[in-house]
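Here is a set of short exercises to work through with a model open on your screen. Try each task before reading its solution.

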Amino acid sequence: MTACPELSWQLLLAHRFDVRAGEPAELGAALAHLDACPACRREACAIDPTLVFKRLPPIADLDFDSEAERMRQAVSGMRLVARIEPRRSGRARAGRWAAAAGLAAMALLAGRGEPVRREASAASAVPGPAVPAVPARFELPSSAMVEEVGRPKARVYQLAGDRLSVVMIVDSSLDV
Amino acid sequence: MLKLVHSNPTPETPKWSEATDRELLLAMREGSEAALAALIGRKTKPLLQLTQRILGELEEARDVVQVTFFKVWENRAKFDDRWSPNTWIYRIASNLAIDHLRSRKSREKSAEPVRHHLRQVGEWRSQKDFSRLQQGEVAGIFRELSSELSEKQRLAFLLREVEGLSSQEVAEILSCRESTVRNHLFNARKLLRRELVKRYPEYASRRVQALEVEA
């Protein structure tokens with residue numbers, strides 16, 4: 001047990017019922033002492049009974065590890081719901097559509113399995129979004145592709161065939 | 001054959017248990033879900049305790065804390081690293097808890113069963129003084145009396161007196177000046193003391209009773 005403070009509790013607690021008074025410097029240590037000293041606690045509570053609420057108990061009988069796990073799952077669910085709800089922000093919606101369009105374009109290109117020669121294409125005369133040329137021997141420019149669609153955490157899988165190549169872009173945050 | 005052709009190299013995972021709250025929030029700002037998970041692990045207990053004390057109901061406190069973490073995540077980009085992380089998170093939780101209180105009009109809830117129980121406890125206690133109340137009894141009395149406080153008074157009292165935050169931190173959480181916090185605290189203590197003496201005279205010392213009569 002720590003030694004009882006020399007100042008009287010009457011003086012230490014006087015500020016608690018005087019809105020103009022400041023806290024005495026010794027108050028913090030004195031209040032910490034209350035927990036260990038029933039005599040001082042009795043004396044202090046007799047002057048200011050609201051001090052008893054300093055002893056409000058923690059929530060008993062709760063396993064906070066499992067509470068935290070429940071929280072994680074709940075928050076994860078709320079985030080998922082927020083993603084699939086109609087977007088209020090047009091900008092966000094536009095970004096999602098851009099990502100979806102980018103993915104679709106990449107998948108189509110990859111699926112051809114042959115190079116795209118833009119200079120020979122009739123469509124090339126029409127101004128439009130730049131489409132990356134695919135080399136003759138198709139190699140999936142995976143890193144660049146992922147960067148281009150703005151999904152740096154995505155994983156890209158390729159099921160390659162002679163005439164067909166299937167590309168899967170897996171990104172848990174993408175809900176198109 | 002299906003082959004993995006691209007995967008982001010696994011970033012070096014910081015030891016989140018050793019990261020400060022600020023580091024967690026900054027990592028969340030960069031999109032780290034692991035940091036969010038770590039923050040939830042760290043803050044669930046204090047936030048549940050605070051909101052349970054504000055609301056008086058554990059289930060409602062759980063709901064509020066869930067929404068708090070969700071809002072922390074959704075607003076992570078707005079976190080300014082000059083702010084105190086604790087203050088920012090407590091402010092979100094406190095505002096949500098107050099909204100919750102308002103929506104259910106907790107003041108209309110009857111506290112009579114608690115009071116009745118505590119009167120019985122008091123009757124068989126030989127030496128009656130507040131310092132000898134058991135923790136469960138303290139919680140019951142606080143639940144009853146705090147419904148008389150305004151939301152701001154209750155919050156200021158809990159954050160300062162029970163959670164032990166500084167007046168400055170409480171002022172930041174409540175978005176007000178420190179002098180306003182002192183006013184809230186003063187009024188909360190005054191009201192709680194008056195109600196304690198009125199409802200539980202058997203516990204109040206003669207000194208406090210005399211003060212209340214004078215008041």
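The exercises below concern a predicted model, and each one is followed by a worked solution.

**Exercise 1. Getting oriented**

Task: Describe the secondary structure of chain A and of chain B, and state what percentage of each chain is buried.

Solution:
- Begin with chain B, which has ten helices and one strand. Along the sequence, the pattern is β-α-α-α-α-α-α-α-α-α-α.
- Next, take chain A, with its six helices and two strands. From the N terminus, its elements run α-α-α-α-α-α-β-β.
- Now turn to burial. In chain B, 41% of the 215 residues count as buried; in chain A, buried residues make up 20% of 176.
- Finally, look at contacts between residues at least 6 apart in sequence. In chain B, 58% of them join residues at least 24 apart, and in chain A residues 24 or more positions apart account for 47%.

**Exercise 2. How confident is the prediction in chain A?**

Task: Find which helix of chain A has the lowest mean pLDDT and which element has the highest.

Solution:
- Start with the whole chain: the mean pLDDT of chain A is 68, and 49% of its residues reach 70 or more.
- Then go element by element. Helix α6 (residues 142-148) of chain A has the lowest mean, 51, while helix α4 (residues 64-84) of chain A has the highest, 89.
- Last, check residues 113-138 of chain A, where pLDDT stays under 50. The model has 19 contacts beyond four places in sequence for this stretch.

**Exercise 3. One face of a helix**

Task: Work out why the buried residues of α1(B) line one face of the helix.

Solution:
- List the buried residues first: in helix α1 (residues 21-29) of chain B they are B:Leu24, B:Leu25, B:Ala27 and B:Met28.
- Look down the helix axis. The buried residues of α1(B) fall within an arc of 160°, so they line one face.
- Recall the geometry behind this: an α-helix has 3.6 residues a turn, so residues three or four places apart point the same way.
- Ask what lies over the buried residues of α1(B). The cover includes α2 (33-55), α3 (58-74) and α4 (85-104) of chain B.
- Step past the end of the helix: just after α1(B), B:Gly31 has a positive phi of about 100°.

**Exercise 4. A bent helix**

Task: Find where α2(B) bends, and compare its end-to-end distance with that of a straight helix.

Solution:
- Take the length first. α2(B) has 23 residues, and a straight helix would reach 33 Å at 1.5 Å a residue. The end C-alpha atoms of α2(B) are only 29 Å apart.
- Now locate the bend: α2(B) turns by about 50° at B:Lys43, and the proline B:Pro46 follows within four residues.
- Check the surroundings. α2(B) is mostly covered, with 17 of its 23 residues buried.
- Pick one residue of α2(B), B:Gln49. B:Gln49 is buried, because 21 other C-beta atoms lie within 10 Å and the cut-off is 20 or more.
- See what B:Gln49 touches: leaving out residues up to four places away in sequence, its contacts are A:Pro58 and A:Ile59.
- Finish at the end of the helix, where α2(B) is followed by B:Gly56, whose phi is positive, near 80°.

**Exercise 5. The nonpolar core**

Task: Identify which residues touch the most other members of the largest nonpolar core.

Solution:
- The core has 68 residues, and those touching the most other members are A:Ala44, B:Ile40, B:Val64, B:Val65, B:Ala93, B:Ala156 and B:Val170.
- The largest share of this core, eleven residues, comes from α2(B).
- Zoom in on B:Val64. Beyond its neighbours within four places in sequence, B:Val64 contacts B:Thr51, B:Leu55, B:Ala93, B:Leu96, B:Ala97 and B:His100.
- As background, nonpolar side chains tend to be buried together in soluble globular proteins.

**Exercise 6. Buried, partly exposed or exposed?**

Task: Classify B:Ser175 and B:Glu74.

Solution:
- B:Ser175 is found in the loop between α8 (167-174) and α9 (178-199) of chain B. B:Ser175 is exposed, with 10 other C-beta atoms within 10 Å.
- The phi of B:Ser175 is near 55°, a positive value in a residue other than glycine.
- B:Glu74 lies in helix α3 of chain B. With 13 other C-beta atoms within 10 Å, B:Glu74 is partly exposed.

Key. Residues are numbered from 1 along each chain as its sequence is written. Chains are lettered from A and ligands numbered from 1 in the order in which they are written. A residue is buried if 20 or more other C-beta atoms lie within 10 Å of its own, exposed if 12 or fewer, and partly exposed in between; C-beta atoms are placed from the backbone. The arc is that of the directions from the helix axis to the C-beta atoms. Two residues are in contact if their C-beta atoms, placed from the backbone, lie within 7 Å. A nonpolar core is a set of buried Ala, Val, Leu, Ile, Met, Phe, Trp, Tyr and Cys residues joined through C-beta atoms within 7 Å. The expected span of a helix is 1.5 Å times one less than its number of residues. The bend at a residue is the angle between axes fitted to the seven residues ending there and the seven starting there. pLDDT is the predictor's confidence in each residue, from 0 to 100.
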